Amino acid sequence: MADKGITTIGRCYGCKRTFGYDPERVTMFLVDPDTALPPNMTPQGTTREPTPEALARSRHVPVCPDCVRRAERARQDDGSTWPRGTA
Ligand SMILES: [Zn+2]
């Protein structure tokens, strides 16, 4: 069966869609639950050195393949960070 590797259900960081994934292959994003951003990113969108506290409470969240593709395409198009849905 093609879905054999899909053993985990999670919510996509990008689109909040629930999807099944293979934890060994899925793209994961490290997110600080206090800010809902990566621990090295400020709410203003700039980067900083992550604090040990932020790293300790951060969790890896999955990103669905659609969002990975959109993010890659947007990065190639104009270098912007996260795509504004065109779908
Ligand atoms: Zn998504």
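How many helices and strands are there in the protein? In this predicted model, the protein has two helices and four strands. Along the sequence, these elements follow the pattern β-β-β-α-β-α. Of the 87 residues of the protein, 15% count as buried. Among contacts with a separation of 6 or more, 45% are accounted for by residues 24 or more positions apart.

The strands β1 (8-11) and β2 (18-21) are joined by a loop that includes Lys16. The two strands pair in the antiparallel sense, over four bridges. Within this pairing, Ile9 has Gly20 in β2 as its bridge partner. The hairpin of β1 and β2 has six residues between the strands. One of the residues of this hairpin, Lys16, takes a positive phi near 65°, and Lys16 is a residue other than glycine. Lys16 counts as exposed because 9 other C-beta atoms lie within 10 Å, and the limit for an exposed residue is 12 or fewer.

Gly14 is also placed in the loop between β1 and β2. Is Gly14 buried or exposed? Gly14 counts as buried because it has 20 C-beta neighbours inside 10 Å, and a residue is buried at 20 or more. The loop between β1 and β2 therefore holds both Gly14, which is buried, and Lys16, which is exposed. Gly14 and Val63 are 49 residues apart along the chain, and their C-alpha atoms are separated by 6.3 Å.

Val63 also belongs to the largest nonpolar core of the protein. Which residues make up this core? The core has five residues, namely Cys12, Tyr13, Val63, Cys64 and Cys67. In soluble globular proteins, nonpolar side chains tend to be buried together. Leaving aside neighbours within four places in sequence, the contacts of Cys12 include the core residues Val63, Cys64 and Cys67. Cys12 is further in contact with Arg17, Phe19 and Pro62.

Strand β3 contains Met28. Met28 counts as partly exposed because it has 14 C-beta neighbours inside 10 Å, a count in between the limits of 12 or fewer for exposed and 20 or more for buried. Not counting residues up to four places away in sequence, Met28 touches His60, Val61 and Pro62. Pro62 is thus named among the contacts of Met28 and also among those of Cys12. The C-alpha atoms of Met28 and Val63 are 5.9 Å apart in space, and the two residues are 35 residues apart in sequence.

Ala36 lies in the loop between β3 (27-31) and α1 (52-57). Phi of Ala36 is near 60°, a positive value in a residue other than glycine. Why does Ala36 count as exposed? Ala36 counts as exposed because it has 10 C-beta neighbours inside 10 Å, where exposed residues have 12 or fewer.

Helix α1 contains Glu53. Glu53 counts as exposed, because it has 11 C-beta neighbours inside 10 Å. Glu53 and Asp32 are 21 residues apart in sequence, with a C-alpha to C-alpha separation of 9.6 Å.

Notes
Residues are numbered from 1 along each chain as its sequence is written. This is a predicted model: local features need pLDDT of at least 70, side-chain atom pairs count only at pLDDT 80 or more; totals for chains, interfaces and linings use all residues. A nonpolar core is a set of buried Ala, Val, Leu, Ile, Met, Phe, Trp, Tyr and Cys residues joined through C-beta atoms within 7 Å. Two residues are in contact if their C-beta atoms, placed from the backbone, lie within 7 Å. Two strands pair if DSSP finds at least two bridges between them.
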